[in-house]
Amino acid sequence: MKSLAELAAIRARMIEQVNLRKDDNVDTRIVVGMATCGIAAGARPVMLEFIEELKRRGIENVTVAQTGCIGMCRLEPMVEVYVKDQEKVTYIHMTPEKVARVVGEHIVNGKPVDEFTIGAQG
Amino acid sequence: MMRELADNILDIAQNSISAKASLVEIDITVSHASNSVSLVFRDDGCGMSAEMAQAVSDPFTTTRKTRKVGLGLPLLKMTAQATGGDFAIESEIGKGTTVSVSFGLDHIDRPPMGDVPGSLFTLVLMNPGTDFLFVYDYDGADFTFDTRVIRETVAPIPLDNPEISAWIKDCLYQEITELHGGLFS
């Protein structure tokens, strides 16, 4: 395994940051459907790309979570975005390539990418 | 059929999470000598009766309440049998469940391994309350990844802290790619 000493060093650095993430800081949740249907349609690369894109942009108050089958398996991979105090937005047929636009336009600038949503395509 | 075995790994391990396992072990063995890829999923979750264990590889058996089909294990079993492999499930109520499956390594219908490190990383990141033990054996060279060791090293920082999870991701990709000599197939 990669050296645990390296991991201990990261811990030492992290522990000094007062700003340990707390759930009450979170105002946006990105939820990816990861049941058999979602996984078969390619949900995993989509989820991993959300995590990478958030990290790339240094966004910390957003969590990425998984859920089971959302119920419309033919529209998978599906992603639901919950922004605090706003209506849920459901994206369908997601791909890793679409992730950057969802993060940039919706998460950062507050304007959902209409053309990827279930309303536009479903 | 799943596009890659990595997708099956992610999918089948979810069953253990649903069974409230506190430790999920996944053994992945690639052996050219015995011409097989084998996967073993072992959990300490709630388990199931012998009748249920017999029935779960039928697509019309599921514990789901929303609908009557469950395709995870049937797809896995179908893929194994299509490649000359075996499928077995053992379970005991209150003790846990073990699913063992093998595939013909050089069989033309065997899906590629795919992004196995990505699947393992997803499991660790999305299930912070569950411990995982991964043992990846490639022709006798092996790599063991144990979230209990990592948890102990970084406590009280959670595994989903961005810096810690980045380390976990790098570790899984580096070690597994190295075992495969830089190539997945």
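Q: How many helices and strands does chain B have in this predicted model?
A: The model is predicted. Its chain B holds both kinds of element, and the count is six helices and six strands.

Q: In what order do the elements of chain B run from the N terminus on?
A: Chain B starts with a helix, followed by two strands. Two helices close the run. Written out in full, the order is α-β-β-α-α-β-β-α-β-β-α-α.

Q: What is the radius of gyration of chain B, and what does the globule rule give for 185 residues?
A: The C-alpha trace of chain B spans about 45 × 35 × 25 Å along its principal axes. The radius of gyration is close to the globule-rule value, so chain B is as compact as a globular protein of that length. The radius is 16 Å, and the rule gives 16 Å.

Q: What percentage of the 185 residues in chain B is buried?
A: Buried here means under 20% relative accessible area. The accessible surface of chain B comes to about 8,200 Å², with 53% belonging to carbon and sulfur atoms. The buried residues make up 55%.

Q: Which residues touch the most other members of the largest nonpolar core?
A: Nonpolar side chains tend to be buried together in soluble globular proteins. The largest nonpolar core here has 83 residues. One of its members, Ile26(B), is in contact with residues including Phe41(B), Leu123(B) and Phe134(B). The residues that touch the most other members are Phe50(A), Ile26(B) and Ile168(B).

Q: Which elements do the buried residues of H3(B) pack against?
A: Helix H3 of chain B covers residues 72-82. Its buried residues include Leu73(B), Leu76(B) and Ala80(B). Their packing partners come from chain A and chain B. They are helix H2 (36-41) of chain A, and helix H1 (5-18), strand E3 (87-92) and strand E4 (96-104) of chain B.

Q: Is Thr79(B) buried or exposed?
A: Thr79(B) lies in helix H3 of chain B. Leaving aside neighbours within four places in sequence, Thr79(B) is in contact with Met1(B), Phe103(B) and Pro111(B). Its relative accessible area is 0%, and the cut-off is under 20%, so Thr79(B) is buried.

Q: Which residue with a positive phi follows H3(B)?
A: The phi of this residue is near 75°. The residue is Gly84(B).

Q: How far apart do the centres of the positive and negative side chains of chain B lie?
A: Chain B has 13 positive and 26 negative side chains. The centres of the two sets lie apart by 11 Å.

Key. Residues are numbered from 1 along each chain as its sequence is written. Chains are lettered from A and ligands numbered from 1 in the order in which they are written. This is a predicted model: local features need pLDDT of at least 70, side-chain atom pairs count only at pLDDT 80 or more; totals for chains, interfaces and linings use all residues. Side-chain values use heavy atoms; hydrogens and water are left out. A nonpolar core is a set of buried Ala, Val, Leu, Ile, Met, Phe, Trp, Tyr and Cys residues joined through side-chain atoms within 4.5 Å. Buried means under 20% relative accessible area, exposed over 50%, partly exposed in between (1.4 Å probe, protein chains only). Contact means heavy atoms within 4.5 Å. Helices (H or I, at least four residues) and strands (E, at least two) are DSSP runs, numbered from the N terminus. The radius of gyration is taken over C-alpha atoms; the globule rule is 2.2 Å times the number of residues to the power 0.38. Accessible areas come from the Shrake-Rupley method with a 1.4 Å probe; for residues, only the protein chains shown count as cover. Lys and Arg count as positive and Asp and Glu as negative; His and the chain ends are not counted. The place of a charge is taken as NZ of Lys, CZ of Arg, CG of Asp or CD of Glu.
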